[in-house]
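Please open the model in your viewer and keep the sequence panel beside it. The stops below are given in the order in which to select them.

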Amino acid sequence: MVLGIESSCDETGAGIVQDGKLLAHVVASSMDEHARFGGVVPEVAARAHLHAFNPVVRQALDRAGLRIGRIDAVAVTTGPGLSGALQVGLAGAKTLAYAAGVPLYGVHHLAGHVAADTLEHGPLPEPCVVLIVSGGHTSLLLVRDLVREPILHLGDTLDDAAGECFDKVARILGLPYPGGPAVDRAAREGNPKAVAFPRPLTRPGDDPYAFSFSGLKTAAARWAEQHRLRGQDVPVADGAAALQEAVADVLTRKAMAACKAYDVRTLVVVGGVAANSRVRALAEERCASAGIELRVPPMTLCTDNGAMIAAVGGLLVRSGAEPAPLDVSIDPSAPLEYASLTPRARTAARVA
């Protein structure tokens with residue numbers, strides 16, 4: 001029975017998983033507090049985590065019908081993410097683990113996204129290709145045993161992530177924050193073929209698995225600017241639909257190429273942008289055509305949540321992994337190499 005804590009950005013999440021089965025999860029978002037700034041403010045996020053931590057944990061325990069004494073382990077995101085936000089989650093998780101007398105496990109945030117799918121569809125096939133798409137990350141991974149073996153990066157974003165591109169272009173189009181859901185809603189009324197936006201890094205000779213969305217963002221900005229310079233209204237719905245189509249095309253095209261090259265029959269799409277309707281639909285279409293199984297978590301498990309961290313914690317416990325040391329710290333920019341992430345706190349002696 002593992003309690004998972006997530007606080008890497010603007011969601012405070014607590015989830016409880018027993019033997020790979022989700023018992024409860026609760027998320028408190030501070031998104032509304034950030035909306036007026038057009039993006040996440042780290043200090044505001046950290047303060048929101050402080051206020052939400054105890055109520056979220058209590059609600060998760062109540063929904064599972066448990067007391068803290070029934071928990072066998074606590075897992076917590078130790079990176080990557082916002083430094084202050086991560087510190088709040090880690091401090092709270094250490095307190096809970098100490099109070100319950102149970103081991104603590106540090107978890108890499110992106111490994112949590114991968115494990116989120118296991119709560120819906122069971123253990124991951126070995127191997128599988130995983131496409132992680134979120135506000136800050138876009139990566140293609142080859143995953144064998146998630147908690148026992150290193151995670152192979154086939155390709156990552158060279159600049160803006162897919163979700164970051166959505167957020168920035170949404171602001172240019174006058175759509176509200178967060179940009180991803182706003183673009184998705186606006187695109188329903190638009191024509192995806194109305195604008196010929198570029199497909200970055202898809203030409204012969206380009207890195208087949210790397211991503212770059214900065215140029216696409218710039219192309220969308222120039223397109224909107226040209227309309228405004230001519231005194232015309234920007235056709236927001238068409239722009240949103242065309243942008244969404246370009247992003248979905250690039251993501252799924254590269255994911256399918258990776259599956260073919262590595263002879264993998266399962267594609268797992270995770271992260272906040274996995275909730276995008278066009279990304280899901282195009283992935284389904286292309287996987288069906290290629291005879292590849294597609295696995296995507298439910299919408300509620302695509303965005304940041306404590307259940308996904310608990311899922312990794314449960315896998316670590318069952319694999320016999322060592323718990324985190326007492327001086328475990330955070331790593332706000334940790335690369336994804338292993339699911340377990342237990343950096344040691346830097347002491348004055350080490351610094352000296």
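Between which two strands does the loop that holds D19 lie? Select D19 in this predicted model, and you will find the residue in the loop between strand 2 (residues 11–18) and strand 3 (residues 21–29). Its phi is positive, about 50 degrees, although D19 is not a glycine. With a relative accessible area of 61%, D19 is exposed, since exposed here means over 50%.

Next, select D263, which is found in the loop between helix 9 (236–261) and strand 9 (266–270). D263 likewise is not a glycine and has a positive phi of about 50 degrees, and at 61% relative accessibility D263 counts as exposed.

The next two stops concern peptide bonds. Select G79 together with P80: the two are joined by a cis peptide bond, with omega about -15 degrees, and P80 lies in the loop between strand 4 (73–79) and helix 3 (83–100). Then select Y177 and P178, which are also joined by a cis peptide bond, here with omega about 0 degrees; P178 has its place in the loop between helix 6 (162–172) and helix 7 (179–187).

Move on to N305, in the loop between helix 11 (299–302) and helix 12. Is N305 buried or exposed? Its relative accessibility is 0%, so N305 counts as buried, the cut-off for buried being under 20%. If you display polar contacts around its side chain, one polar atom lies 2.7 Å from the backbone oxygen of T303, while at the start of helix 12 a side-chain oxygen of N305 reaches to within 3.1 Å of the backbone nitrogen of A307. Leaving aside neighbours within four places in sequence, the residues in contact with N305 are E6, H25, V27 and T300.

From N305, continue along the chain and select helix 12, residues 306–319. What span should its 14 residues have at 1.5 Å a residue? The expected value is 20 Å, and the end C-alpha atoms of helix 12 are 20 Å apart, which agrees. Ten of the 14 residues are buried, so helix 12 is largely enclosed by the rest of the structure. If you colour the helix by accessibility, the buried residues are G306, A307, M308, I309, A310, A311, V312, G313, G314 and L316. Helix 12 is followed by G320, which has a positive phi near 80 degrees.

Keep helix 12 displayed and add helix 4, residues 109–116. Two packed helices are described by the angle between their axes and the distance between the axes. For helix 4 and helix 12, the angle is about 90 degrees and the axes are 8 Å apart; the two helices are therefore roughly perpendicular to each other, a description that applies to angles from 65 to 115 degrees. To see which residues make the contact, show H109, A111, G112, H113, A115 and A116 on helix 4, and M308, I309, A311 and V312 on helix 12. By class, this contact has seven nonpolar and three polar residues, with no charged residues. M308, I309, A311 and V312 of helix 12 also appear among its buried residues, which makes them a suitable last selection.

Definitions and conventions
Residues are numbered from 1 along each chain as its sequence is written. This is a predicted model: local features need pLDDT of at least 70, side-chain atom pairs count only at pLDDT 80 or more; totals for chains, interfaces and linings use all residues. Side-chain values use heavy atoms; hydrogens and water are left out. Axes are lines fitted to C-alpha atoms, for helices over the stretch in contact, and angles run from 0 to 180 degrees between N-to-C directions. Helices (H or I, at least four residues) and strands (E, at least two) are DSSP runs, numbered from the N terminus. Angles under 35 degrees count as roughly parallel, over 145 as roughly antiparallel, 65 to 115 as roughly perpendicular and the rest as oblique. Contact means heavy atoms within 4.5 Å. Ala, Val, Leu, Ile, Met, Phe, Trp, Tyr, Cys and Pro count as nonpolar, Asp, Glu, Lys and Arg as charged, and the others, Gly among them, as polar. The expected span of a helix is 1.5 Å times one less than its number of residues. Buried means under 20% relative accessible area, exposed over 50%, partly exposed in between (1.4 Å probe, protein chains only). A polar contact is a pair of N or O atoms within 3.5 Å; within protein, one must be able to donate a hydrogen and the other to accept it, and residues adjacent in sequence count only if both atoms are side-chain atoms.
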